[in-house]
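Subject: Structure handover

Hello,

I am passing on the structure we spoke about. Please open it and keep it in view while you read the notes underneath.

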Amino acid sequence: MIRLLYGLFFLVFMTSLVVGVHYYMYRRLAVDTQLSSRLRATVRLALIVLAAGLPLTMLLQRALPMTWARVLLQPWFVWMGMMFLLVWLLLASEGARLILWGSSKLLGTQGLADPGRRRLFARAVAGGALALASGSAAYALRQALGRLEVKRVEVPLPRLQRALDGFTIVQLTDLHIGVNRSGVFLKEVVERVNSLSPDIVAITGDLVDGTVGQLESDLACLAELKPRHGTYFVTGNHEYYSGAPEWVAHLGKLGVRVLRNERVAISRDGATFDLAGVDDYNARRMAPGHVHDPDRALAGRDPRRAAVLLAHQPRSVHAAARHGVGLVLAGHTHGGQIWPMELLVHLQQPYVRGLARHKGTWIYVSSGTGFWGPPLRLGSTAEITRVVLRSEEKAKA
């Protein structure tokens with residue numbers, strides 16, 4: 001019931017936002033440019049169809065068979081990204097409009113008060129925004145669907161014993177297997193990961209966008225992962241949209257250990273560190289019995305031992321720092337995915353991508369292995385992350 005109410009609220013909010021955004025685009029692209037009545041009607045009809053398709057896409061991606069959804073819904077996912085870029089550019093032009101208006105007032109000239117100049121300015125803005133948004137979307141589409149980058153990150157982990165120096169964790173996050181990404185993509189990821197010979201594979205949430213029934217065959221290849229010390233998973237917010245309890249049970253059948261506010265000891269050559277994992281930051285509102293509880297995950301651990309925390313959202317770093325955790329691996333942000341979304345993500349999350357130090361705790365935020373919604377990436381790169389742990393003891397020796 002909680003999940004249903006959350007879904008309905010989200011749908012109403014997004015529908016209202018979509019209507020407002022498309023009306024704004026209609027005003028700037030068709031009305032202000034003073035198109036002919038026939039062209040204006042064509043633009044209006046196109047925007048109505050595109051606007052109506054976006055909330056329908058959110059509903060149909062859960063209702064349609066996955067093979068159909070992957071074909072029929074792609075145009076609207078692409079438009080979602082194109083719309084974001086176009087609206088951002090049109091909003092940026094409002095600044096130029098304001099400057100021209102202010103300068104005409106100061107200089108006592110007509111400026112945009114002249115109908116001819118106002119029409120010329122509106123057409124220049126509309127044409128420029130459409131051209132730039134289209135070109136950027138084409139580039140971003142290529143970036144999102146291109147070959148994955150393997151990013152190597154070295155982290156000097158406090159209290160890590162010398163025998164564990166060079167221990168590797170391959171992090172995958174935000175794959176979003178579902179409408180936009182299938183088992184074919186996941187199989188390629190699994191093969192790339194195995195080629196890196198990791199000690200551990202850590203999947204930090206948002207693995208799926210669909211139910212176990214819809215995606216069971218797509219996820220089967222996860223059983224082919226071959227890390228030396230196991231594959232571990234923590235839930236992300238999208239697992240809760242897709243039936244997190246069922247996925248937790250199913251992943252166990254594929255040899256993936258789900259860490260739900262708990263930790264395990266990882267040992268090699270007589271040396272040990274703690275690997276902990278927490279439910280998603282917003283889990284409490286999403287499923288009975290699920291809650292983000294780093295205190296429980298880290299309670300009673302030996303503070304002389306190094307610790308790594310797997311969390312979906314970077315916000316978990318605050319609790320990790322209180323407990324003296326050496327490293328947090330997180331995702332969720334997609335590195336902003338489409339610039340300038342990164343600026344908005346900063347309003348919610350303390351870190352958006354890359355390696356940072358937070359009150360003595362390292363945090364690495366992956367830009368994500370897949371993408372959500374628009375198959376576009378602009379200003380961010382999808383990645384498989386190979387994290388190499390370094391012992392401070394060895395560095396001092």
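What follows is a short account of what was found, going from the whole chain to the sheets, then to a cavity and a single residue.

Please note at the outset that this is a predicted model.

The chain as a whole

The protein chain has 397 residues, of which 53% are buried. Its secondary structure comes to 13 helices and twelve strands. Taken along the principal axes, the C-alpha atoms of the chain fill a box of roughly 80 × 50 × 40 Å.

The sheet that starts with S1

One open sheet is formed by six strands, and its order is S1-S12-S2-S3-S4-S5. The pairing in this sheet is mixed. Strand S1 (149-157) and strand S5 (256-258) are the edge strands, each with pairing on one side only. From one strand to the next, the twist averages 25°.

Within this sheet, you can look at the pair made by strand S2 (residues 168-172) and strand S3 (residues 200-203). These two strands run parallel and are joined by four bridges. To find the pair on screen, take Ile169, whose bridge partner in S3 is Ile200.

The sheet that starts with S6

Another open sheet has six strands in the order S6-S7-S8-S9-S11-S10, again with mixed pairing. Its edges are strand S6 (262-268) and strand S10 (354-358), and each of them pairs on one side only. Neighbouring strands here are turned by 20° against each other on average, direction ignored.

A run of parallel pairs can be followed across this sheet:

- Strand S7 (residues 271-277) runs parallel to strand S8 (residues 307-310), and four bridges join them. Gly277 has Leu310 as its bridge partner in S8.
- S8 also pairs with S9 in the parallel sense, over three bridges. Here Leu310 stands opposite Leu329 in S9.
- S9 in turn pairs with strand S11 (residues 361-365), in the parallel sense and over four bridges. Val328 has Ile363 as its bridge partner in S11.

Leu310 is thus a useful residue to select, with Gly277 as a bridge partner and Leu329 opposite it in S9.

The connection from S8 to S9 involves a helix. Together with helix H11 (residues 317-322), these strands make a right-handed β-α-β unit.

Strand S9 (residues 327-330) is covered on both faces. Leu327 and Leu329 are buried on one side, and Val328 and Ala330 are buried on the other.

The cavity

How many cavities of 30 Å³ or more does the structure hold? There is one. The volume of the largest cavity is about 50 Å³. Its lining is made up of Gln61, Phe77, His176, Val179, Asn180, Asp209, Phe371, Trp372 and Gly373. Sorted by class, the lining has four nonpolar, four polar and one charged residues.

One residue in helix H4

Leu91 lies in helix H4 (residues 74-107). Is Leu91 buried or exposed? Neither term applies, because its relative accessible area is 45%, which makes Leu91 partly exposed; the cut-offs are under 20% for buried and over 50% for exposed. Leu91 can also be viewed together with Met25: the two are 66 residues apart in sequence, and their C-alpha atoms are 9.9 Å apart in space.

Regards

How values were computed: Residues are numbered from 1 along each chain as its sequence is written. This is a predicted model: local features need pLDDT of at least 70, side-chain atom pairs count only at pLDDT 80 or more; totals for chains, interfaces and linings use all residues. Side-chain values use heavy atoms; hydrogens and water are left out. On a 1 Å grid over the protein atoms alone, a cavity is a set of points where a 1.4 Å probe fits but cannot get out, and a pocket is an open set with protein on both sides within 12 Å along at least five of seven lines; lining residues have an atom within 4 Å of a point. Grid points are joined across faces, edges and corners, and a volume is the space filled by probe spheres set on the points. Ala, Val, Leu, Ile, Met, Phe, Trp, Tyr, Cys and Pro count as nonpolar, Asp, Glu, Lys and Arg as charged, and the others, Gly among them, as polar. Two strands pair if DSSP finds at least two bridges between them. Axes are lines fitted to C-alpha atoms, for helices over the stretch in contact, and angles run from 0 to 180 degrees between N-to-C directions. Buried means under 20% relative accessible area, exposed over 50%, partly exposed in between (1.4 Å probe, protein chains only). A crossover is right-handed if, with the strands pointing away from the viewer, the path from the first strand over the helix to the second runs clockwise.
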